[in-house]
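Please look at how the two chains of this model meet, and at what each side brings to the boundary.

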Amino acid sequence: MISIDRLRIGQKGVIVEELDAHIPVKLMEIGCLPGNEVELIQIAPLNDPLYFLVDGSRIAIRREMAKYVKIDLKS
Amino acid sequence: MSAALKVALIGNPNTGKSSIFNALTGLRQKVGNYPGITVEKKTGYCKLSDELEAKIIDLPGAYSLNTTSLDESVAVELLLNKRDEDFPDVVVVIAEVENLKRNLLLFTQIKDLGIKTVLVINMADRMGRLGISLDIQALERELDTKIALISTRKNEGIDTLKSLLAAHTQLSESEVLDINRIDANYFEGLKKTFPKISLYKLWLAITQDVNFMPIERQSIADQSSFSTKSKDELKKMQHRETVLRYQFINSALKKAYQKDFTKAEGVQGFLDRLFTHKIWGYLIFFVILFSIFQVIFDFSSYPMDAIDGFFGWLSEWVKGTMPAGILTDLIAEGIIAGIGGVVIFIPQIAFLFLFIALLEESGYMSRVVFLMDRLMRPFGLSGKSVIPLMSGMACAIPAVMATRIIENWKERLITILVVPFTTCSARLPVYLIIIALVIPEGRIFGLGYQALVLTGLYFLGFISALLAAAILSANLKLNRKNFFMVEMPTFKTPQLKNVGFTVFEKTKSFVFGAGQIILALSIVIWFLGSNGYSDDFKNAKEILMAQIESTSEPVSELEIEHKISSYKLEHSYIGQLGKFIEPAVQPLGYDWKIGIALITSFAAREVFVGTLATIYSVEDSEESTIVGRMALERDAVGRPIFNLATGVSILIFYAFAMQCMSTLAIVRKETNSWKWPMIQLGFMTVLAYTASLITYQLLV
């Protein structure tokens, strides 16, 4: 289990059952829910923000939030 | 003809909601502000059938009724308040084929409010490319609603939407979610306490920071017949609610929505990687930014010169045609010049918004945020602030309007307040004249001193904007804690009709929103500059003629006219004011003549040159002539007025001072109050005065 800020580009994972309390409702509503898939698409040139594919939605969030989203890596 | 049907449009950002609004209302649109706040209120009219009109309100884009911004709360407040005059009879929820699952979250929430709802699925033309197939009837059954499948690009489906709206009485009002499934005990208690109110509405009122009139939040907290929950517990419940909603959506889509995932995404992926690339991404962005700047700074000078010429001609024509007198002067020099002063901004505004609309419609704008966020954040600015800041180097007026693209209010306000620090094109004539006057012509390492000073001033502008932003950001305490997230829409070809609508609407809102203030102020300033109460003013012509006769020097008609203008200006209200403030500006190295130019510049910076030309009764506004004449000015003891210290002091003053009534007018419009423009004026004036004072005292 790792947080999505540690992913390499192209890596995917499935969000774990226990959602961190820091994750805001808005992020859940976009698709950050247990069982959904996350893939890292791109890292911004200055290392922040990070561009993810979350359950079909393409969004960019900052590292400080990505730290809280934990996934199980898909091999 | 029955009363208009009230329809509200709502949907996620990037679903093409504005295209649908435009398709329904055409030019019958109106943009204003919600009272007391800065959120834009867009309404329009649409003919649904021969007997029925619809009044359509375009609500701000929202991902959910759980609000995280002022924009989103506007939508929720309207939808919870049946007594609001804009409360809709029907809500149209707009979704699009690619993100349908997520779009439907909002749909289920709207349905739970018990309002008649129609679902629009937009961008139908993309279905083939994405390998998507939809069973509309099945979906209508699953969601218990009516669906209009639309493609605004191909102009298909709008009539279906209109007929669905016309048949609104047949729409279901049933709810989607059994809210008790979130926490049975809690909602049972809630139901007992407030038996008459919909549970979902109660739930929204409890979890949101919304001004919901009929229920006071305190009264909810006071009731003890149900347990109150802590913030954490409420959040867990919202989590459960979201999971339940998606379970419903997923099961509905399973029966009606198919996507062929083998359809490759070649071009999209390539463009994404290109635009966010370490090197290419920034390169492309700076080329775009520079082009925007070039067009506003350079190309727009053609239409602007044409407008200038036209109004100048009109003014002369009026003076020639109408009998001489105060009314003619008012019309020719006050009103016509004033209107010209408003119209002249239109080319720049139109060009800037043309670019912005293209960037937004194509989906590129989000990539800008992605690239610039890390750089702008330390200054309290948004990644999107770069565009207004860059445009501000041409002109602050369209730049301030462009801050609309920034969603976060604090970031937007800060950007609005600091944009005037960037060196706008109106400062250029002032800089060029003063630099020519006081900066030596030599070179250092092959670079001319004069060019270096000019470049330095440009940097000064940009850096002071960033510094001011950082200071404001640390001190302005107004943020609803916003978590940063930007959606990256798929790249699409901009729809030109939408671009056209945007440009038209922005231009219109400028002319009618800020234009009146600018016109009023320019008439006032014209009046103060061409009228005076003293006898000297009224008898200007006689006094001057006497003076000239007594010197017995040959003097041409034109020269006499210029001398009279100069004398009149000196003795007008503004002239009196200039002399009055002389003691205050002397420590800055200025005399009363410069003082007058400073005052007139508060209307618009470039007026400085024209004012000096009048004061020194120079025949033409040719730069070299004015510079030559100014170099001859001497003070009481014979030293040059325009020495290095005074010159640099003037440069610094113009760098920091807020000398543009048009900017104040547009800031007033965009912030919906006089508070911010006044603060801006006060702060920048004090800064300009202090900085020039220090500069002069150090250099003299």
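The paragraphs below go from the extent of the interface to its polar pairs and then to its strand pairing.

This is a predicted model, in which local features need pLDDT of at least 70 and side-chain atom pairs count only at pLDDT 80 or more, whereas totals for chains, interfaces and linings use all residues. Residues are numbered from 1 along each chain as its sequence is written, chains are lettered from A in the order in which they are written, and side-chain values use heavy atoms, with hydrogens and water left out.

Contact, taken as heavy atoms within 4.5 Å, joins 35 residues of chain B to 32 residues of chain A. The two chains bury about 3100 Å² between them, 62% of it on carbon and sulfur atoms, where buried area is the accessible area (1.4 Å probe) that two parts lose on being put together, summed over both. Of the area that chain B buries against chain A, 22% comes from Lys235(B), Phe370(B) and Phe483(B), more than from any other three residues.

Four salt bridges cross the interface of chain B and chain A, each being a side-chain nitrogen of Lys or Arg within 4 Å of a carboxyl oxygen of Asp or Glu. Asp48(A) forms a salt bridge with Arg377(B), and their closest N and O atoms are 3.1 Å apart.

Backbone pairing also links the chains: strand S5 (residues 57-61) of chain A and S12(B) run antiparallel over three bridges, strands being DSSP runs of at least two residues (E), numbered from the N terminus, and two strands pairing if DSSP finds at least two bridges between them. Within S12(B), Met485(B) is the bridge partner of Ile61(A).

Note on methods. Helix = DSSP H or I, 4+ residues; strand = E, 2+ residues; numbered from the N terminus.
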